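Opening the notebook on a new model today. I want to go through the ligand site, then the core, then any odd backbone spots.

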Amino acid sequence: MTRKIHTVLIVDDDRSFCQALSLHLNSKKMKTLTASTGSEGLTLCSRNRIDIVLLDQKLPDGEGVDFCTPILSYNNRTKIILTTAYPDLEDAVKAIKVGGFDYLSKPFEMEVLDLVIDESLKAAESEQTELIGANKKRSDEDDEPLLIGRRGGLAEVQHMVDLCAVNYAHVLITGETGTGKNLVAKAIHHKSLVKDHAMISTNCASLPDNLIEAELFGYEKGAFTGAGASTKGIFELADKGTLFLDEIGDLALHLQSKLLGVLDEKKIKKLGGQTVKKVNVRIIAATNAKLEKAVQQRQFRSDLYYRLCVLAIHIPPLRERKEDIPELCQYFIKKIAPFFNPEIADSEVEKLMNYDWPGNVRELRNIIERSIILHKGTILKPSEFLNRNLFVADAPPPPPTSSKKNIWR
Ligand SMILES: Nc1ncnc2c1ncn2[C@@H]1O[C@H](COP(=O)(O)OP(=O)(O)OP(=O)(O)O)[C@@H](O)[C@H]1O
Ligand SMILES: [Mg+2]
């Protein structure tokens, strides 16, 4: 069981508007990302799994509606809500036609925004349920997180995953963005002796400190404004199972001490509570930051660091294991388009092997997915979507020229 934190991307050149919305959405336990131009927004879409985009209609580099198609080509489950200070029915119709979910006139009340967001999440959820029904067999297979590759250091990762599976010690997973840290965490839990207990995930970077504390330890009714009922924290929910703490490097120092306390004493106390409860949780922490450096700079507690990395797994970047690219390509093609058999020529695979993959396996998966969407049912040419500048400079990805609904997922 994973508690899902939704990610909302706000694309608007009005910084104070972005800030106000971010604060509000963070208080609703959502992760937010902001961009001041459409191109910047597209770059974020190419690197993150975005649930909702709040897209301003008048952007410095174009009309919001013109960015809908490229946004959806990264993930056609993203819900786009157009916002505008100059309501225009024609724009609204155009937005819906190109796949936008809703249209809000600025200024709007936060309650209205909450309602629209709620509706869009419900819509995404029911689409997901339909897909699950339609692809029951496939999704059953998806339950088992498969780690593809054995070369350039991945064999060592696979070996460590097996070791972690028969051991209940804490694990620290490091690696650049997109190397597969979440996947490895899931694989460990899935293979472990506690696989029938919950795996709960949270992202330490996505919530403000006070909310993270409430999220981790739970709270009693009245512990703070808005604490309407006693609520379990994720430590309690993950009892006897696995707690995945993503982006652990972003955990504030005072929360690092609290976490250490729980690991030492195996006890938690809810915010505003008096009673102490015993918990036994395996932590799998992940980070793409250099934690050793943070320890040296006293931004990360050394005692917590050593406690977490009893079992340390470093996932090498894809550029150091390019021999795995052909197998990864075949795997993603089958996973994304199981009912079709798109082909990929050896010369194409060679081009992919000559690229350095700054966004790692996620970038490879995205590029395969884009080529499946745009070259539907034919010969795939993913190399056409390679953009060497995308992950190193601020340059936006080239917007695709057209998008078709991805009917395979
Ligand atoms: N070895 C692998 N085999 C199959 N799929 C993989 C592999 N490594 C990564 N992936 C896929 O690549 C994508 C990115 O992986 P994941 O989200 O685990 O990366 P991450 O390291 O957690 O990234 P970030 O630091 O940005 O959170 C996912 O779709 C994942 O399933
Ligand atoms: Mg991750």
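**Entry 1: ligand shell.** I started with who sits around ligand 1. By class, I get nine nonpolar, six polar and four charged residues in the shell. Worth writing down straight away: this is a predicted model, and everything below is read from it.

Which residues come nearest to ligand 1? Out of 19 around the ligand, I noted Ile 148, Thr 177, Gly 178, Lys 181 and Asn 182.

I then looked up the domains. Domain 2 (154–314) and domain 3 (319–409) each put at least three residues into the shell around ligand 1.

**Entry 2: polar contacts.** I went through the oxygen atoms of the ligand next. A polar side-chain atom of Asn 182 sits 2.7 Å from an oxygen atom of ligand 1. Gly 178 brings a backbone N or O atom to 2.9 Å from a ligand oxygen. For Thr 179, a polar backbone atom is 3.3 Å from an oxygen of ligand 1.

How much of ligand 1 does the protein cover? I have 85% of the 640 Å² of accessible area that the ligand has on its own. As for elements, helix H8 (181–191), helix H14 (325–336) and H16 each give two or more residues to the shell.

**Entry 3: H16 and Asn 360.** Since H16 turned up in the shell, I checked its residue range, which is 360–374, and Asn 360 belongs to it. Phi of Asn 360 is positive, about 55°, and the residue is not a glycine. Is Asn 360 buried or exposed? Buried: its relative accessibility is 0%, and the cut-off for buried is under 20%.

**Entry 4: Lys 266, another positive phi.** Lys 266 also has a positive phi without being a glycine, near 55°. I found Lys 266 in the loop between helix H11 (253–265) and strand S13 (267–269). Lys 266 comes out partly exposed because its relative accessible area is 36%, which falls between the 20% and 50% cut-offs.

**Entry 5: nonpolar core.** I pulled up the largest nonpolar core, which has 35 residues. Phe 235, Leu 243, Ile 248, Leu 259, Ile 283 and Phe 300 touch the most other members. Elements giving two or more residues include helix H9 (209–217), helix H10 (234–237), strand S12 (242–246) and strand S15 (282–287). Helices H12 (291–296) and H13 (302–308) are also among them. Which element gives the most to this core? That is H11, with five residues.

**Entry 6: H9 up close.** H9 is largely enclosed by the rest of the structure, because seven of its nine residues are buried. My list of the buried ones: Leu 211, Ile 212, Glu 213, Ala 214, Glu 215, Leu 216 and Phe 217. I flagged Glu 213 and Glu 215 as charged residues on that buried list. Just after H9, Gly 218 has a positive phi of about 80°.

**Entry 7: cis peptide.** I checked omega and logged a cis peptide bond between Lys 106 and Pro 107, with omega about -5°. Pro 107 is in the loop from strand S7 (102–105) to helix H5 (110–134).

**Entry 8: Asp 346.** Last lookup. Asp 346 is in helix H15 (residues 346–353) and is exposed, with a relative accessible area of 65%. I also took its C-alpha distance to Pro 326: 8.8 Å, with the two residues 20 apart along the chain.

Definitions and conventions
Residues are numbered from 1 along each chain as its sequence is written. Chains are lettered from A and ligands numbered from 1 in the order in which they are written. This is a predicted model: local features need pLDDT of at least 70, side-chain atom pairs count only at pLDDT 80 or more; totals for chains, interfaces and linings use all residues. Side-chain values use heavy atoms; hydrogens and water are left out. Helices (H or I, at least four residues) and strands (E, at least two) are DSSP runs, numbered from the N terminus. Buried means under 20% relative accessible area, exposed over 50%, partly exposed in between (1.4 Å probe, protein chains only). A residue is near a molecule or strand if one of its heavy atoms lies within 4 Å of it. A polar contact is a pair of N or O atoms within 3.5 Å; within protein, one must be able to donate a hydrogen and the other to accept it, and residues adjacent in sequence count only if both atoms are side-chain atoms. Accessible areas come from the Shrake-Rupley method with a 1.4 Å probe; for residues, only the protein chains shown count as cover. Domain bounds come from an automatic or database domain assignment. A nonpolar core is a set of buried Ala, Val, Leu, Ile, Met, Phe, Trp, Tyr and Cys residues joined through side-chain atoms within 4.5 Å.
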